[in-house]
Amino acid sequence: MANYSTNEFRSGLKVMLEREPCSILENEFVKPGKGQAFSRVKLRNLKTGRVLEKTFKSGESLEAADVIDADMQYLYGDGDFWYFMEPQTFEQHQADEKAVGDAVNWLREQDICVVTLYNGAPLSVTPPNHVDLEIVETDPGLRGDTASGGTKPAILTTGAVIKVPLFLEQGEVVRVDTRTGEYLGRAKD
Amino acid sequence: MVSDGDWRAAIGLPTLQYRARVMGEIRNFLSSHGVLEVDVPVLGRHAVTDPHIDSIATLGQSTAGFLQSSPEFYMKRLLASGSGDIYSLGKAFRAGESGARHNVEFTLLEWYRVGWDEHQLMAEVAGLVAHLWPEVGSLTLSYREAFEQYLNMDPHSATLSELQQVAAERGAERWREESRANVLDLLFSLCVEPLLPRGLVFLYDYPACQAALAQLYKNREGQQVSRRFEVYLNNLELANGYFELTDVVEQRRRFAADLSVRAAADKPLVEQDQRFLQALECGLPSCAGVALGVDRLIMQLLEISAIDLSMPFSWTRR
C-alpha cells in the first residue's frame, strides 16, 4: 500500500498505526516559531473504536490501510453472522458479531448500510442515520397524552429498547436516530 | 478545488477595516515612541540558516533568491550603520507552514531598541498590546517557572532521557531519539502552552539550546540560559524576542551549528549571509529586538479561531 506523509493527513484518511487500521479524525499543524514542526493527530482505531492522540514530526509517514467503505444491502442474520450484499455485483459478505457491534439494534432487512471492509473483510457496519422500526412490545398507550412529555420503554422488532412518548401503541412504526438511539417521531410513510 | 464564491475575500469589510486600524495603531504607537519605520526587502539573496525555517526560493537567473522569512538581517544591517531604533511592518514567508495558526505568507511586525535589554522590550510589547486591548491582563514568568508549574520539572537540569520519557508518555513514542531542543518544544506545545492563563504571558530565559540569535548568560540558579523571550496571547504564540547576539564569532558558530543540524536532517544547506556577518564585524550596537505576528494578534483581538479568517486572501484562496 501507499504511504501518506503528515502533510497529506486529513479527516477520513485510513492508515495503519501499530499494525491496526485507523481512521484520521483530526490533524493539527503545530510549529513553534523557531522549532520543529509536528502534527497532532487524533485517530480512531477501526477495530476497537478507541480514539488515540499521537504526535508525529512533519514529514513522517504512515502506511495506508486497505480500508474501504461500501454501501451494501443488509440481507439477514442467522445468529452467528449477518449477511450483506453489494448491490452492483451481488457479492455477499458475512459480518461477525464484533463487526456488527451496536448496529445490530438497527438492522432492518433490505436497508442500505455502510460496511467498512478491511483487507476485504467486514470490519464495522454503520446503519442509516434514521431507521423506521415497529414497536413489538410496550405498555398500553395513554390516549390523548401528547403533552406531559413522559416516556416509557418500548421494544422494537430488532430487540432494541428505546424510550418513546406515553401515547404510542404496540404495532406502531417509529423513526429512530441510530447514532443516539433516540426516538424521532412516528414513521411517515 | 475552485468553487464559485472563492474569488471573494475570506473576510468582510468590518474585519478589513479592523486590520487597517490595527496596522495604523501599531504605526502610531511606535512612531510616538520614537521608533523609525523602515521598509526592507522581502526578496533577498539569502535564506536563513534556522534548521526549522524553510524559505521559499525564487526562480530566474537574475532574480534567484529567497522570499525572506523575517526582516531581521536587513534591519541589523541598518542598526549597524547607525539607524537607531527601527521597526518594520511587512510580509514574511515560510515554506510549508499551513494550518489553523499558520499561513505561508504572513504580516510580521519587527522592532529593535538600541541600548535596551529584553525586559525593557517585553514591557514595550505589553504596552503595544494594551494600546489595542486596554483590559488585557499580563503575566511574566521564566521558561523554567512555567515548566515547573505545569510539568513539575526543571527544563534546564532534567536529562535528555527524562524529557524524552515524558514526551513518550504524552503520545509521542517516536520522539525518544529527538534532540533536547525538539523535545522541549514538543513538551512545551503539548503540556504548557494550552494551560497558560489567558491574556498576555511573557516567558523569558529560554533554554540555551533554543537561543536562536539571543545572548547567553547564567541565571540566578547558575544555569546557562538564553536571553530570549516569547510572548503568548490567549495561549497563542504571538512574538519572539532577544537581547541580541552582537558577537560575530559566536554568530558564525551558531550558523555552523544550524548547518550541521540541517545536514543531519537532510535539509538543504544554506549559504551564510556574508553582508550580515560583515555588519556584525563592524559592530551591531547593543540592542533588543522582537518579531510579532500581526495576523495572530488580530485573531486574538477579534476572537477568530483560524488565521485564514483574519486576512483577505490566505493561501487557500489564491
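Student: What share of the 318 residues in chain B is buried?

Tutor: Buried residues make up 41% of them. Keep in mind that this is a predicted model.

Student: How should I read the radius of gyration of chain B?

Tutor: Set it beside the value for a compact globule. With 318 residues, such a globule would have a radius of gyration near 20 Å, and chain B agrees because its own value is 20 Å. Along the principal axes, the C-alpha trace of chain B spans about 55 × 45 × 40 Å. Its secondary structure comprises nine helices and 14 strands.

Student: And what percentage of contacts in chain B join residues at least 24 apart?

Tutor: Among contacts between residues at least 6 apart in sequence, the figure is 68%.

Student: Let's turn to the interface. How many residues does each chain bring to the contact?

Tutor: As a general idea, the size of an interface is often given as the accessible area lost when the parts come together. Here we can count residues instead: chain B gives 18 residues and chain A gives 14 residues. On the chain B side, α6 (180-192) and β13 (236-243) each supply at least two residues. The largest share, five residues, is that of α6(B). By class, the side of chain B that touches chain A has nine polar, five nonpolar and four charged residues.

Student: Is α6(B) mostly covered or mostly open?

Tutor: Mostly covered, as ten of its 13 residues are buried. Among them are B:Val183, B:Leu187, B:Phe188 and B:Asp185. The cover comes from both chains: it includes β4 (38-45) and β5 (51-57) of chain A, along with α4 (143-151), α5 (160-169) and β9 (206-207) of chain B.

Student: You mentioned β9(B). In what order do the strands of its open sheet run?

Tutor: In general, strands of a sheet pair through backbone hydrogen bonds, either parallel or antiparallel. In chain B, three strands form this open sheet in the order β9-β11-β10, with antiparallel pairing. β9 and β10 (216-218) of chain B stand at the edges with a single partner strand each, so one side of each has no neighbour in the sheet. Two bridges join β9(B) to β11 (residues 224-226) of chain B. Within that arrangement, B:Pro207 stands opposite B:Val225 in β11(B).

Student: Which residue in the loop between α4 and α5 of chain B should I look at for its backbone angles?

Tutor: The general idea first: most residues other than glycine have a negative phi. B:Asn152, in that loop, has a positive phi of about 60 degrees although it is not a glycine. B:Asn152 counts as exposed because 9 other C-beta atoms lie within 10 Å, and the cut-off for exposed is 12 or fewer.

Chain A offers another case: A:Glu18 has a positive phi of about 50 degrees and is not a glycine either. A:Glu18 is found in the loop between β2 (14-17) and β3 (20-30) of chain A, and is exposed, with 9 other C-beta atoms within 10 Å.

Student: Is A:Glu134 buried, exposed or partly exposed?

Tutor: Partly exposed, because 16 other C-beta atoms lie within 10 Å. A:Glu134 sits in strand β12 (residues 130-138) of chain A. Beyond its neighbours within four places in sequence, A:Glu134 is in contact with A:Leu156, A:Thr157, A:Gly171 and A:Val173.

Student: How is chain A divided into domains?

Tutor: Into domain 1 (3-63), domain 2 (67-126) and domain 3 (130-186). The C-alpha centres of domain 1 and domain 3 of chain A are 41 Å apart.

Key
Residues numbered from 1 in each chain as written. Chains lettered and ligands numbered in written order. Predicted model: local features only at pLDDT ≥ 70, side-chain atom pairs only at ≥ 80, totals over all residues. Helix = DSSP H or I, 4+ residues; strand = E, 2+ residues; numbered from the N terminus. Buried ≥ 20, exposed ≤ 12 C-beta atoms within 10 Å, placed from the backbone. Contact = placed C-beta atoms within 7 Å. Nonpolar A, V, L, I, M, F, W, Y, C, P; charged D, E, K, R; others polar. Domains from an automatic or database assignment. Rg over C-alpha atoms; globule rule 2.2 N^0.38 Å. Pairing = 2+ DSSP bridges.
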